[in-house]
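Subject: A structure for you to look at

Hi there,

Here is the structure I promised to pass on. Please open it in your viewer and keep it beside you while you read my notes below.

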Amino acid sequence: MSGNGVKKVADVAIKAGKAIDWDGMAKMLVSEEARKEFATLRRTFEDVNHQLQTKFSQEPQPIDWEYYRKGIGSKVVDMYKEAYESIEIPKYVDTVTPEYKPKFDALVVELKEAEKASLKESERIEKEIAELREMKKKISTMTADEYFEKHPEVKQKFDDEIRNDYWGY
């Protein structure tokens with residue numbers, strides 16, 4: 001890859017690193033193990049990004065052919081210079097991204113749908129927890145009628161058992 005190509009890769013990596021909402025993603029993690037794995041991923045990404053910014057974004061120093069001519073001799077240096085200048089570094093042609101981009105985009109859509117479903121489920125569970133906490137406060141003074149009013153399916157089950165003469169034994 002030419003110096004310009006490497007610089008472009010480093011620039012893209014910098015932009016990608018800035019576009020990632022690391023804190024937002026970290027908030028979604030539930031387990032401590034997931035947090036540790038995520039922290040490792042973030043450190044690794046930042047290390048690679050740092051290497052791209054430092055090592056690969058710099059242009060190589062031009063060769064001082066005259067310096068070598070003085071020490072070695074012009075015939076050998078000219079031979080090396082000719083060989084060096086005849087080297088053509090092939091341009092990188094990305095054949096992978098077009099193949100996997102649609103798959104990645106589909107996964108992103110699927111992920112967003114899963115995120116929405118997860119948030120809805122979290123809201124439902126939060127409501128259920130709030131109801132259970134409320135019931136826990138009132139359970140010692142609650143009558144059966146008050147309980148059955150909140151849970152008509154339980155009342156129906158008891159009524160069916162009584163009607164069918166089923167007493168649990």
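One definition before anything else: a residue is called buried under 20% relative accessible area, exposed over 50%, and partly exposed in between. Take Tyr 68 as the example: its relative accessibility is 39%, so Tyr 68 falls into the partly exposed class. Please also bear in mind that this is a predicted model.

**The chain as a whole**

The chain has eight helices and zero strands. Its pattern along the sequence therefore reads α-α-α-α-α-α-α-α, helices being numbered from the N terminus. Of the 169 residues in the chain, 11% are buried. The accessible surface comes to about 15100 Å², and carbon and sulfur atoms account for 58% of it. As for contacts between residues at least 6 apart in sequence, 47% of them join residues at least 24 apart.

**A nonpolar patch**

Which residues make the nonpolar surface patch of about 1100 Å²? They are Ile 63, Tyr 67, Tyr 68, Ile 72, Val 76, Met 79, Tyr 80, Tyr 84, Ile 87 and Ile 89. Two elements give two or more residues to this patch, namely helix H4 (65-71) and helix H5 (74-86). The most comes from H5, with four residues. Tyr 68, the example from the start, sits in helix H4. Patch residues need over 30% relative accessible area, so Tyr 68 at 39% meets that cut-off.

**Aromatic pairs**

How many aromatic pairs turn up in a search of the whole structure? The search finds six. One of them belongs to the patch residues Tyr 67 and Tyr 68: this pair is edge-to-face, at 5.2 Å centre to centre and with 80° between the planes. Tyr 67 counts as exposed because its relative accessibility is 55%, whereas Tyr 68 at 39% is partly exposed.

Phe 148 and Phe 158 form another pair, with ring centres 5.7 Å apart. Their planes meet at 65°, so this pair is edge-to-face as well. Phe 148 lies in helix H7 (residues 144-150) and Phe 158 in helix H8 (residues 152-163), ten residues apart. The relative accessible area of Phe 158 is 39%, so Phe 158 is partly exposed.

Elsewhere, Trp 22, Phe 38 and Phe 45 come together in one aromatic cluster.

**Salt bridges**

The count of salt bridges is eleven. Here are three of them, each within a helix.

- Glu 32 and Arg 35 are joined by a salt bridge of 3.6 Å, N to O. They are three residues apart in helix H3 (residues 32-54), so about one helical turn separates them. Arg 35 is partly exposed because its relative accessibility is 36%.
- Glu 121 and Arg 124 form a salt bridge of 2.6 Å, N to O. Both belong to helix H6 (residues 96-138), where a spacing of three residues means a separation of about one helical turn. Glu 121 has a relative accessible area of 35% and is partly exposed; Arg 124, at 41% relative accessibility, is partly exposed too.
- Lys 155 and Asp 159 meet in a salt bridge of 3.2 Å, N to O. Here the spacing is four residues in helix H8, so the separation is again about one helical turn. Asp 159 is partly exposed at 28% relative accessibility, and Lys 155 is partly exposed with a relative accessible area of 36%.

There is also a network: Asp 23, Arg 42 and Glu 46 are joined by salt bridges that share partners.

**What the record says**

What does the unreviewed UniProt entry list for residues 111-145? The entry lists a "coiled-coil region" there. In the model, this span is 86% helix and 0% strand, and its end C-alpha atoms lie 44 Å apart.

If you want a place to begin, try Tyr 68, since it appears both in the nonpolar patch and in an edge-to-face pair with Tyr 67.

Best wishes

Technical notes
Residues numbered from 1 in each chain as written. Predicted model: local features only at pLDDT ≥ 70, side-chain atom pairs only at ≥ 80, totals over all residues. Heavy atoms only, no water. Patch = residues over 30% accessible without salt bridge, like charges linked within 9 Å, V, L, I, M, F, W, Y side chains within 5 Å. Areas by Shrake-Rupley, 256 points an atom, 1.4 Å probe, with all protein chains shown as cover. Salt bridge = Lys/Arg side-chain N within 4 Å of Asp/Glu carboxyl O. Buried < 20%, exposed > 50% of the residue type's maximum accessible area, 1.4 Å probe, protein only. UniProt positions renumbered as here; feature names shortened; annotations may be inferred. Phe/Tyr/Trp six-rings, centres within 6.5 Å; stacked < 30°, edge-to-face > 60°. Contact = heavy atoms within 4.5 Å.
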